[in-house]
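The following exercises concern one protein chain and are to be worked with its sequence and structure at hand. Each task is followed by a solution in steps.

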Amino acid sequence: MTTSAGDKKREQSKNGLVVTKITQFIARMNIAPLPRNYELIYEILSGHNPAMGRDILALGNAPQQHEIDIIGQRHNLPGFSKIEAEEMANEAFETLNQISARLEAGVQRTETFIASLAEENHQEPPATERLARLMGDIHEEQTSLRHFIAMGLMKIREVEKRRAELQASSVRDALTALPNRAAFLEKLADLFAGDQAASATSLMLLNIDRFREINGKYGASAGNKALRRFAALFRKTIKKDDFVARIGGNEFAFLFANVSQNTAEAIAERLRQSVEALRFVTSEGEGEHLTVSIGVAAVDGTATPAEFFSHAELALLSARCGTRNCVVGYSRDLAQHSRSSYLAQLGC
């Protein structure tokens, strides 16, 4: 798929408008213009995380950076999740510094003792009591130092374990155990991070149709059970080099490596049929057949992660605005409609 000069110019203009809106929001809220804050505000203004938007607005004007950091960490944004890990690494480094300082002090005291023995040896033999006392002091210091080192190493191991757990949890969805939105955004960014442009990758966005009605009818526990079953099905659908993540309440994203858009659309259609054939049993013993709407786009012809995602999102919104329970591939015709126009049709 190729992109005309006019399409690229319009996309650049759209991206510039997004940056302008983010800058204006940051200035209006008196938020520090840090890269991680831009990431947070983008997620809010794009409408991908309404809960985070409410959390930020609740802080009022000119919030403290540590308050913003807490919200960013709570919602697992990559730029914020790294902060706590860095703090833990600094804590471990400080523990090592303290151990080093205690060892150095112990060595100096030992050297002082040896020097005093040498000086007394030139005068007269040291008294047995004094020697025993000095040796006792050294033994006590060594015992204390050994305990301090053992406790320090234990603390470092705990910090490293916690850091690993934090890193794992920051990119994993707690309900389905699939990678979460933060992991997806990182994976998407990696496609465009190298010297060579991303190619031969397709993105599929899947939305469970009328999922709110299921939650309202049977309760959140039934909805959660359905999401876990969806996750199990999706894991079986992807191959080793593919990727699937839960990026919203009832929305999932798939990345297929070395797969064209046409092939990805065929995969999506088979998945749609598999979902339609499932029967979800509720606590009342009733059965529900859920359906999904799917949008598909290829990375070819896109220049940024945001552009790639927007193509798949437009395809998904088109599917949801139509009959639902269908697969729609991105095309230039879809690009004639804006994201906001599709959302208006959906009543969002």
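**Exercise 1.** Determine how many bridges join strand 1 to strand 3 and place both strands in their sheet.

*Solution.* Step 1: strand 1 (residues 201-208) and strand 3 (residues 251-257) run antiparallel and are joined by seven bridges; strands here are DSSP runs of E with at least two residues, helices are runs of H or I with at least four residues, and both are numbered from the N terminus. One such bridge links Leu203 with its partner Leu255 in strand 3. Two strands count as paired if DSSP finds at least two bridges between them.

Step 2: the open sheet has five strands in the order 2-3-1-6-7, with mixed pairing. Strand 2 (243-246) and strand 7 (327-329) are its edges, each pairing on one side only. From one strand to the next the twist averages 15°.

Step 3: helix 11 (residues 305-321) lies across strand 1, strand 3, strand 6 (292-298) and strand 7, at about 150° to strand 6. Axes are lines fitted to C-alpha atoms, for helices over the stretch in contact, and angles run from 0 to 180 degrees between N-to-C directions; contact means heavy atoms within 4.5 Å.

The model is predicted: local features need pLDDT of at least 70 and side-chain atom pairs pLDDT 80 or more, whereas totals for chains, interfaces and linings use all residues. Residues are numbered from 1 along each chain as its sequence is written, and side-chain values use heavy atoms, leaving out hydrogens and water.

**Exercise 2.** Identify which residues of the largest nonpolar core touch the most other members.

*Solution.* Step 1: a nonpolar core is a set of buried Ala, Val, Leu, Ile, Met, Phe, Trp, Tyr and Cys residues joined through side-chain atoms within 4.5 Å. Buried means under 20% relative accessible area, exposed over 50%, and partly exposed in between (1.4 Å probe, protein chains only).

Step 2: the largest core has 29 residues, of which Met204, Leu206, Ile208, Phe230, Phe234, Phe252 and Phe254 touch the most other members. Strand 1, helix 8 (211-218), helix 9 (220-237), strand 3, helix 10 (261-277) and strand 6 each give two or more residues to this core. Helix 9 supplies the largest share, six residues.

Step 3: leaving aside residues up to four places away in sequence, Phe234 touches Leu206, Val244, Phe252, Phe254, Leu271 and Val275. Another core, of 28 residues, lies apart from it and includes Ala245, Ile247, Ala315 and Leu316.

**Exercise 3.** Assign the buried and exposed residues of helix 3.

*Solution.* Step 1: Met52, Gly53 and Ile56 are buried in helix 3 (residues 50-58). Viewed down the axis of helix 3, the buried residues fall within an arc of 105°, so they line one face of the helix; the arc is that of the directions from the helix axis to the C-beta atoms.

Step 2: exposed residues Pro50, Arg54 and Ala58 are carried on the face of helix 3 turned away from its buried side.

**Exercise 4.** Describe the positive phi values at Gly60, Ala62 and Ala177.

*Solution.* Step 1: Gly60, with phi near 80°, follows helix 3. Ala62 lies in the loop between helix 3 and helix 4 (65-74), and its phi is near 55°. Ala62 counts as partly exposed because its relative accessibility is 39%.

Step 2: Ala177, in the loop between helix 6 (128-169) and helix 7 (181-191), has a phi near 70°. Its relative accessible area is 46%, so Ala177 is partly exposed. Most residues other than glycine have a negative phi.
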